[in-house]
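Hi everyone, thanks for coming. Today I'd like to walk you through the charged side chains of one protein model, and then finish with a backbone oddity. Let me put it on the screen.

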Amino acid sequence: NNNNNNNNNNNNSINNNHGEEWEVEDLTWMRCENASMLLQKFAEGRKRLRYAETRMNKHSSRSHCVLNVRVKKIKRKKRGRGKDAVLIVEQSEGVLTVVDLAGSERQHKDYYRHQEVKRYPLVNKKDRVLLEELRFKEATRINQSLLALGNCVRALASNAAHVPVRDSNLTKILC
């Protein structure tokens, strides 16, 4: 799942599955028969991440990436013989969630203006202003989702009566 988190600005809508859990529309579970197939799917997902240069990092992730790995173990035992034989099936399941969060940063519109002039010196001023605004809005969305995640973690750690899960798409799918 590659998802920039702001309830109004994302590529996939997130729906509440009949009050149980949040699901990202248009994403699917894929069956992986072995570890190399899982790593291949993980690499394909990583290719869809967006990166950009920031003050802190030359290759900063500009989108969050969430990988859910559902592991299912099925154990079959046969008890008895002949007609009286009974097949007993035991099943256990777990989900491992791996998250690569986009980098947060302090926001200064002047910084974005300077960076866009350096990066795109031949772009006209009108387009450069649009690029500055896009970068600023992107950083704002990333910071908002990270703040929402921090608020959920704080609420969970303190056993608060209310956990603000609905504040961000990121927290909807993680909490």
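Before we start, one cut-off that I'll lean on: a residue is called exposed when its relative accessible area is over 50%, buried when that area is under 20%, and partly exposed in between. Please also keep in mind that this is a predicted model.

So, how many salt bridges does a search of the whole structure find? The count is six. Let's visit them.

First stop, Glu33 and Arg31. Their side chains form a salt bridge, with 2.8 Å from N to O. Are these two buried or exposed? Glu33 has a relative accessibility of 57%, so it counts as exposed. Arg31 is exposed too, at 67%.

Next, please find Asp100 and Arg46. Here the closest N and O atoms of the salt bridge are 2.5 Å apart. Which parts of the chain does this pair tie together? Asp100 belongs to strand β7, residues 86-100, while Arg46 belongs to helix α1, residues 35-47. The two residues are 54 apart in sequence, so the bridge joins a strand to a helix across that separation. As for accessibility, Asp100 is partly exposed with 25%, and Arg46 is partly exposed with 28%.

Now over to Lys77 and Glu90, whose side chains meet in a salt bridge at 3.6 Å, again N to O. This pair also links distant parts of the chain: Lys77 sits in strand β6, residues 64-79, and Glu90 sits in strand β7, with their positions 13 residues apart in sequence. Lys77 has a relative accessible area of 30%, which makes it partly exposed. Glu90, with 38%, is partly exposed as well.

The last stop on the salt-bridge tour is a trio. Which residues are linked in a network? They are Arg70, Lys72 and Glu93, connected by salt bridges.

And now the backbone oddity I promised. Please look at Asn159. Its phi is positive, about 55 degrees, even though this residue is not a glycine. Where is Asn159 found? It's in the loop between α3, residues 125-157, and α4, residues 169-174. With 69% relative accessibility, Asn159 counts as exposed.

To recap: we have a pair between strand β7 and helix α1, a pair between strands β6 and β7, and a loop asparagine with a positive phi. Thanks for listening, and I'm happy to go back to any of these on the screen.

Definitions and conventions:
Residues numbered from 1 in each chain as written. Predicted model: local features only at pLDDT ≥ 70, side-chain atom pairs only at ≥ 80, totals over all residues. Heavy atoms only, no water. Salt bridge = Lys/Arg side-chain N within 4 Å of Asp/Glu carboxyl O. Buried < 20%, exposed > 50% of the residue type's maximum accessible area, 1.4 Å probe, protein only. Helix = DSSP H or I, 4+ residues; strand = E, 2+ residues; numbered from the N terminus.
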